[in-house]
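This briefing goes through one protein model by topic. Please keep the sequence and the 3D view open while reading.

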Amino acid sequence: MYYIDPHLHMVSRTTDDYETLAKMGCVAISEPAFWAGFDRGSAESFRDYFRQLTEVEPKRAAQYGIQHFTWLCINAKEAENVELSREVLKVIPEFLDCPNVLGIGEIGLNKNTRNEAIIFQEHMELAIAYEQQVLIHTPHLEDKYQGTRMILDMLGKHDIDRTRVLVDHVEEHTVGPVLEAGYWAGMTLYPVTKCTPARAVDIIERHGSDRLCVNSAGDWGPSKPTAVPDLVLEMRRRGHSESLIRKIVFDNPRQFFSQSKNFVLADPESRVGI
Ligand SMILES: [Zn+2]
């Protein structure tokens, strides 16, 4: 089955991963800007990173017939440094017209601090000023519920079309409030934390398939870039229809991304295979 992985940090992955993804049916990925595993020293480091996301990765992905899209921001962890964040916010508009940029992301909260909240709101103002979609990271484990509530409260203060915002890394206790508020929700399939494929299918069975996406959020840490096909297998095992599976792994991300003028998806049927 063809699928799209809406959240995958390919700068941290090898070309072997691109090859495996292509063989498993992945036709497009979107890569939000994130924390590199260390704090960067200047806004120039982010400018270089944004060039990597807009110039280098699309070419690497194309070698395997995969379309690469991206989102730009300073991540929640480094957003603790307000001065650096404001310098990075000034750099972002230079890249918004690059052909693979879908919007602002993954912004959000990490430890739910005041500084993170300030920079989250400034990213929202930038997104609104430039009519960009938004992809949002919610915090890990014990910080997730409170952080998601804070994010929903902050989002409610901004005049943005809610169908152009995706709140990611939802779990059983946060998916309901996100969907009920009218936003898209993303479930991350991780080997240890976040959702397993079985838990993600439970959530789909309980909350329905509208405005829900799944992703691997593969990065430089323990993660599995081919986790979306694991969900396909789990849904088939439970007897779900191919059309429902396709809606979750292909139609839904395509529908969400299509709200960006830069999202032009090649027809998978006419794609030249590797
Ligand atoms: Zn991420």
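How many residues does helix α4 have, and how far does the helix reach from its first C-alpha to its last? Helix α4 (residues 114-129) has 16 residues and reaches 23 Å, close to the 22 Å expected at 1.5 Å a residue. The model is predicted. The points below start with the protein as a whole and then return to this helix and other elements.

**Overall form**

- The protein contains 9 helices and 8 strands.
- Its radius of gyration is 17 Å, close to the 19 Å from the globule rule for 274 residues, so the protein is as compact as a globular protein of that length.
- The C-alpha trace spans about 50 × 40 × 30 Å along the principal axes.
- Buried residues make up 45% of the 274 residues.
- Among contacts with a separation of 6 or more, 74% are between residues 24 or more positions apart.

**Nonpolar core**

- In soluble globular proteins, nonpolar side chains tend to be buried together.
- The largest nonpolar core here has 75 residues, and the members that touch the most other members are Leu 166, Val 167, Ala 200, Val 214, Leu 231 and Val 249.
- Helix α9 (residues 242-257) supplies the largest share of this core, with 6 residues.
- Leaving aside residues up to four places away in sequence, Val 167 touches Ile 136, Thr 138, Ile 151, Val 178, Tyr 183 and Ala 185.

**Helix α4**

- The buried residues of α4 are Glu 116, Ile 119, Phe 120, His 123, Met 124, Leu 126 and Ala 127.
- Viewed down the axis of α4, these buried residues fall within an arc of 160°, so they line one face of the helix.
- Arg 114, Glu 125 and Ala 129 are exposed on the face of α4 turned away from its buried side.
- The buried residues of α4 pack against two helices, α3 (82-91) and α5 (144-156), and two strands, β4 (101-108) and β5 (133-137).
- After α4 comes Glu 131, with a positive phi near 55°.

**Strands β3, β4 and β5**

- Strand β4, one of the elements packed against α4, is mostly covered, with 8 of its 8 residues buried.
- Strand β3 (residues 67-72) runs parallel to β4, and 3 bridges join them.
- Leu 72 has Ile 104 in β4 as its bridge partner.
- β4 also pairs with β5 in the parallel sense, over 5 bridges.
- Ile 104 has Val 134 in β5 as its bridge partner, so to speak a link in both directions, given its pairing with Leu 72.

**Helix α7**

- In helix α7 (residues 197-207), Pro 197, Ala 200, Val 201, Ile 203 and Ile 204 are buried.
- These residues cover an arc of only 155° around the axis, which puts them on the same side of α7.
- Glu 205 and Arg 206 are exposed on the other side of α7.
- The cover over the buried residues of α7 includes the helices α6 (175-180), α8 (227-237) and α9, and the strands β7 (184-188) and β8 (212-215).
- Gly 208 follows α7 and has a positive phi, near 85°.

**Strands β6 and β7**

- Strand β7, which is part of the cover over α7, has 5 of its 5 residues buried.
- Both faces of β7 are covered, with Trp 184, Gly 186 and Thr 188 buried on one side and Ala 185 and Met 187 buried on the other.
- Strand β6 (residues 165-167) pairs with β7 in the parallel sense over 2 bridges.
- Val 167 stands opposite Ala 185 in β7, and Ala 185 is also among the residues that Val 167 touches.

**Met 24**

- Met 24 is in the loop between α1 (15-23) and β2 (26-32).
- Is Met 24 buried, partly exposed or exposed, with 17 C-beta neighbours inside 10 Å? Met 24 counts as partly exposed, because 17 is below the 20 needed for a buried residue and above the 12 that would make it exposed.
- Met 24 touches Thr 226 and Pro 229, not counting residues up to four places away in sequence.
- The C-alpha atoms of Met 24 and Val 228 are separated by 9.5 Å, while the two residues are 204 residues apart along the chain.

Notes. Residues are numbered from 1 along each chain as its sequence is written. This is a predicted model: local features need pLDDT of at least 70, side-chain atom pairs count only at pLDDT 80 or more; totals for chains, interfaces and linings use all residues. A nonpolar core is a set of buried Ala, Val, Leu, Ile, Met, Phe, Trp, Tyr and Cys residues joined through C-beta atoms within 7 Å. Helices (H or I, at least four residues) and strands (E, at least two) are DSSP runs, numbered from the N terminus. Two residues are in contact if their C-beta atoms, placed from the backbone, lie within 7 Å. The expected span of a helix is 1.5 Å times one less than its number of residues. The arc is that of the directions from the helix axis to the C-beta atoms. The radius of gyration is taken over C-alpha atoms; the globule rule is 2.2 Å times the number of residues to the power 0.38. Two strands pair if DSSP finds at least two bridges between them.
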